[in-house]
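Work through the two exercises below with the sequence and the coordinates at hand. Each task is followed by a solution in steps.

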Amino acid sequence: MSGRYSEKVAVIRGDGIGPEVIDSALAVLEAAGAEIDQVDLEVGLGRWKRAGEALAEEDLGAIKECRCVLFGAITTPSDPKYKSVLLRMRKELDLYANIRPFNDGRIDLIIVRENTEGLYSGIEEVGDDQATTVRVITRHGCRRIAMKACQLAAERKRLTIVHKSNVLKSDRLFLQICRDVAECQGVEHDDMLVDAAAYNLVRNPEKFDVIVTTNLFGDILSDEAAGIAGSLGLCASANIGDKYALFEPIHGSAPDIAGKGIANPIGAIRSAAMMMDYLGRADLAGKIESAVQRSLAQGIKTPDLGGNSTTRGVTEEIIKAIKRGFA
Ligand code: 48Y
């Protein structure tokens, strides 16, 4: 980037607290000196109610014209006619690696979740007496997620392959391929059954460094890790493919607190920092993270962390820290 031109970023604020936390993230990006060319898109339940469509084909087209997406949160109603926008984008943009770092409190690890197959295959049959969901594990899917996880593990210490191969034969393939890739890449690795991993995450989180796992296990373990880190509101994620990328806080749209001004903006702010890292501005990402740490250390916290600060209060404190050069 180096100030010569700015990157085109699709911004999807979404529903519930999505707009509040994305506005905070954009304000922090601006304070940090990020240059982005923002393309605002209206996507989500609000749009569905208004126009009968949550994510239009032209939105997907517009996204494909951008380097990446900054995404708030979207409410997925249980109406079977409504197709999850997030899952559609992950699939249609082939965002196969969901990377979720956790480094607050007792925890310092990255979960690398396969994001396009497994139990999220969408291959389902619902009858009156029986309902089936097909769990799809492919060699191609395993290889590429294992490669991504190995790249991260090589910069850290160890890779743990999390699976349920004692019961699910599909996970024997996942385990085998992940092991082969780790061997090939010279990455130190071990493996653990998902139930043992769930237990150990609570009891001994320091056992983990980089976890690679299938779609649903990654979904569940990352909420658990967020609980250990202190709050879902702190945690960020990157959904990365070979062509596109989408950055989002891991929390949902939290309709119960929407509009109250108390949502924790840190998950979205950290997602914006991950985006800057992706765009080649690791310096800005580092600056933002240091300011977040500084603000947390000052005790400026929203209610999810036991504090009484507002979304705005936290955002202003982080901006102040960036401007004072604590970063
Ligand atoms: O990103 C997540 O961890 C969320 O729980 C989504 C998931 O299942 O991967 C939720 C999907 C949705 O709301 O449609």
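**Exercise 1. The ligand site**

Task: Find polar side-chain atoms that lie 2.6 Å from an oxygen atom of the ligand, then describe the shell around the ligand.

Solution.

Step 1. In this predicted model, Tyr-120 places a polar side-chain atom 2.6 Å from an oxygen atom of the ligand. A polar side-chain atom of Ser-84 is likewise 2.6 Å from a ligand oxygen atom. For Asp-219, an N or O atom of the side chain is 2.8 Å from an oxygen atom of the ligand.

Step 2. Of the 350 Å² of accessible area that the ligand has on its own, the protein covers 75%.

Step 3. The residues surrounding the ligand are Thr-76, Ser-84, Arg-90, Arg-100, Arg-113, Tyr-120 and Asp-219. By class, the shell holds four charged residues, two polar and one nonpolar.

Step 4. Why does the ligand lie between domain 1 and domain 2? Shell residues come from both domain 1 (1-94 + 241-327) and domain 2 (96-233), so the ligand lies between them.

**Exercise 2. The sheet**

Task: Give the strand order of the open sheet and identify the strands at its edges.

Solution.

Step 1. The open sheet has ten strands, ordered E2-E1-E3-E12-E11-E4-E5-E10-E8-E9, with mixed pairing.

Step 2. Strand E2 (36-40) and strand E9 (189-193) are at the edges; each has a single partner strand, so one side of each lacks a neighbour in the sheet.

Step 3. From one strand to the next, the twist averages 25°.

Step 4. Take one pair as a check: strand E1 (residues 7-14) and strand E3 (residues 68-73) run parallel and are joined by five bridges. Within E1 and E3, Gly-14 stands opposite Ala-73.

Definitions and conventions
Residues are numbered from 1 along each chain as its sequence is written. This is a predicted model: local features need pLDDT of at least 70, side-chain atom pairs count only at pLDDT 80 or more; totals for chains, interfaces and linings use all residues. Side-chain values use heavy atoms; hydrogens and water are left out. A residue is near a molecule or strand if one of its heavy atoms lies within 4 Å of it. A polar contact is a pair of N or O atoms within 3.5 Å; within protein, one must be able to donate a hydrogen and the other to accept it, and residues adjacent in sequence count only if both atoms are side-chain atoms. Accessible areas come from the Shrake-Rupley method with a 1.4 Å probe; for residues, only the protein chains shown count as cover. Ala, Val, Leu, Ile, Met, Phe, Trp, Tyr, Cys and Pro count as nonpolar, Asp, Glu, Lys and Arg as charged, and the others, Gly among them, as polar. Domain bounds come from an automatic or database domain assignment. Two strands pair if DSSP finds at least two bridges between them. Helices (H or I, at least four residues) and strands (E, at least two) are DSSP runs, numbered from the N terminus. Axes are lines fitted to C-alpha atoms, for helices over the stretch in contact, and angles run from 0 to 180 degrees between N-to-C directions.
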